Amino acid sequence: MEAVKSDMLEILCTSVSTQLNMTVYAARGVTLGLTLVLLSYNFKVHLMNREEGCAPNKPFVVQRRDTDETQRSGKSPRLLCWILTQPKHLKNRTASVKETWGRECDITLFFSSLNDSTFPTIGLGFEEKRRNLIKKTMGALRYIFKNYLHRADWFLKADDDTYVVVDNLRHFLKDKDPDEHVYYGSKFRLEDLTYHSGGAGYVMSRKMIRNIALHSQGTQECEETGPEDVRMGMCVKALGGVTGNSTDNNNLEVFHWSSADYFIRGQTDTTPSWVRLRQPFWKSNNKLSEVSVSFHYMIQGDMRTLHYLLNNLNVHGYHKPGTSR
C-alpha cells in the first residue's frame with residue numbers, strides 16, 4: 001500500500017512539474033512575442049525619424065508659447081540662448097536652467113567640454129579650466145554661426161548659474177536692430193575699455209555673431225587668452241562693434257552681474273574693490289530695475305525659487321502696479 005501511495009505521489013509531482021514548465025515556456029513565448037513587437041515598432045519609428053531628418057543628438061529646442069502683446073503681434077525677436085556648462089553640473093545647475101527659463105527661448109543650446117546625447121550638450125573639446133573659458137566661448141560662437149545664424153535674430157550667452165527673465169529680454173530687444181554690430185549686458189569699465197560681464201549674460205546681434213566668427217581669428221585683440229568677458233570686449237571694440245547701453249527708462253541697469261539680493265543692497269564695506277573700480281555708477285542706494293533681465297550666482301534652489309515666484313505664485317486681491325519700460 002505504501003508503494004502505491006509513493007507511486008501516485010511521484011506521478012502527481014511529475015504532472016505538476018510538467019504543467020509548471022509548460023506555463024513558464026508559454027510565458028517566455030509571450031514575452032518574446034511582445035519584445036519582437038516592440039523592436040519592430042521602435043525600428044519603424046527609427047526609420048521614420050531618419051526619413052524626417054531627426055538627429056539622435058538633437059539640440060534642446062523649445063517651441064515657445066507667445067504670451068504678451070509684443071509676442072502676439074508678431075514683433076517678438078527670435079531668440080537663441082546658449083549656455084556654457086560642464087559635465088559635473090548637468091544634474092544640478094544645468095538641469096535647473098533647462099527646466100526653468102531655458103524653456104522660454106526659441107532655441108536653447110548647451111555647450112560643454114564633452115558631447116552628451118541624453119541631456120544633450122554640444123562638446124567643444126576644451127579642458128574644463130577657467131583659462132579655457134574664452135576658447136569655449138569663441139568655439140560656441142563659431143558653431144552657432146555655422147549652424148544657427150539665420151534661425152534667430154539675437155543670441156544670448158549665459159552661464160549655468162545665470163537666471164534670465166526671457167520675456168523682459170524680448171521686450172528689451174523689440175525695438176533694436178539685429179543687423180547692427182552691437183551687444184548688450186551688464187556694463188563694466190576698465191580704463192578706456194567698456195565690456196559686458198560674462199556671468200550676467202550678454203546678448204549679441206546677428207551681425208556681431210557673423211563678424212566675430214569671420215574676423216576674430218588673426219585679430220590680436222581677439223586672442224583666446226585672459227578673462228573671457230574682458231577679452232570679448234576687446235575683440236568687439238577691435239572689430240568695430242558697440243558695447244550697448246542696457247538700461248530701462250529710469251536709467252537703471254537691467255542685466256546684473258550678481259544675485260538680486262546682492263544688487264539690491266548695493267555697495268557695502270564688503271563690496272570687492274574690482275566692482276568699485278569697474279562699476280562706479282553702482283551706489284549704496286542702488287535700485288533694482290522693475291524690468292530686470294538677468295541675475296548671476298543663482299544656484300539651483302535660488303533659480304527654481306525665483307522662477308516659481310515670477311511665474312506661478314499668485315497673491316489674491318493684489319493688482320500689480322504698472323512697470324517702467
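A residue is called buried here when its relative accessible area is under 20%, exposed when over 50%, and partly exposed in between, using a 1.4 Å probe and protein chains only. By that yardstick, buried residues make up 44% of the 325 residues in the protein. The model is a predicted one, in which local features need pLDDT of at least 70 and side-chain atom pairs count only at pLDDT 80 or more, while totals for chains, interfaces and linings use all residues. Residues are numbered from 1 along each chain as its sequence is written, and side-chain values use heavy atoms, with hydrogens and water left out.

**Overall fold**

Let us start with the secondary structure. The protein has 10 helices and 11 strands; these are DSSP runs numbered from the N terminus, with helices being H or I over at least four residues and strands E over at least two. Contacts, meaning heavy atoms within 4.5 Å, reach far along the chain: of those between residues at least 6 apart in sequence, 74% join residues at least 24 apart.

**Sheet and hairpin**

Strands are taken to pair if DSSP finds at least two bridges between them. As a reminder, strands of a sheet pair through backbone hydrogen bonds, either parallel or antiparallel. Seven strands build an open sheet with mixed pairing, in the order β3-β2-β1-β4-β9-β6-β10. The edges are held by β3 (122-123) and β10 (242-243), each with a single partner strand, so one side of each has no neighbour in the sheet. Within the sheet, β4 (residues 154-159) runs antiparallel to β9 (residues 202-205), and four bridges join them. If you would like a register mark for this pair, F155 stands opposite M204 in β9.

Another antiparallel pair is formed by β7 (residues 187-190) and β8 (residues 193-196), again over four bridges. Here R189 stands opposite T194 in β8. The two strands make a hairpin with two residues between them, and E191 in the turn has a positive phi of about 55 degrees.

**Two disulfides**

The structure holds two disulfides, each defined as a pair of cysteine sulfur atoms within 2.5 Å. Counting bonded cysteines along the chain, they follow the pattern 1-2, 3-4.

| Disulfide | Sulfur distance | S-S torsion | Handedness |
|---|---|---|---|
| C81 and C105 | 2.0 Å | about -85 degrees | left-handed |
| C222 and C235 | 2.1 Å | 90 degrees | right-handed |

In the pair of C81 and C105, C81 lies in strand β1 (residues 79-84) and C105 in the loop between α3 (90-99) and β2 (107-112), so the disulfide ties together parts that are 24 residues apart in sequence. Both C81 and C105 are buried.

The other pair links C222, in the loop between α6 (206-215) and α7, with C235 in helix α7, 13 residues apart. C222 is buried at 4% relative accessibility, and C235 is buried with a relative accessible area of 0%. The loop between α6 and α7 also holds E223, which is partly exposed at 42% relative accessible area. The C-alpha atoms of E223 and C235, 12 residues apart along the chain, are separated by 8.1 Å.

**The second largest pocket**

Pockets are found on a 1 Å grid over the protein atoms alone: a pocket is an open set of points with protein on both sides within 12 Å along at least five of seven lines, a cavity is a set where a 1.4 Å probe fits but cannot get out, and lining residues have an atom within 4 Å of a point. Points are joined across faces, edges and corners, and the volume is the space filled by probe spheres set on them.

The second largest pocket has a volume of about 730 Å³. Its lining has 28 residues, of which R130, L133, D159, E228 and H296 lie nearest the centre. By class, the lining has nine nonpolar, seven polar and 12 charged residues, where Ala, Val, Leu, Ile, Met, Phe, Trp, Tyr, Cys and Pro count as nonpolar, Asp, Glu, Lys and Arg as charged, and the others, Gly among them, as polar. Helices α4 (133-148), α7 (228-238) and α9 (273-278) each supply at least two lining residues, and α7 gives the most, with three.

**A buried lysine**

Which helix holds K136? K136 sits in α4, and is buried with a relative accessible area of 4%. Leaving aside neighbours within four places in sequence, K136 is in contact with L84, T85, F111, S112, L124, F126 and E128.
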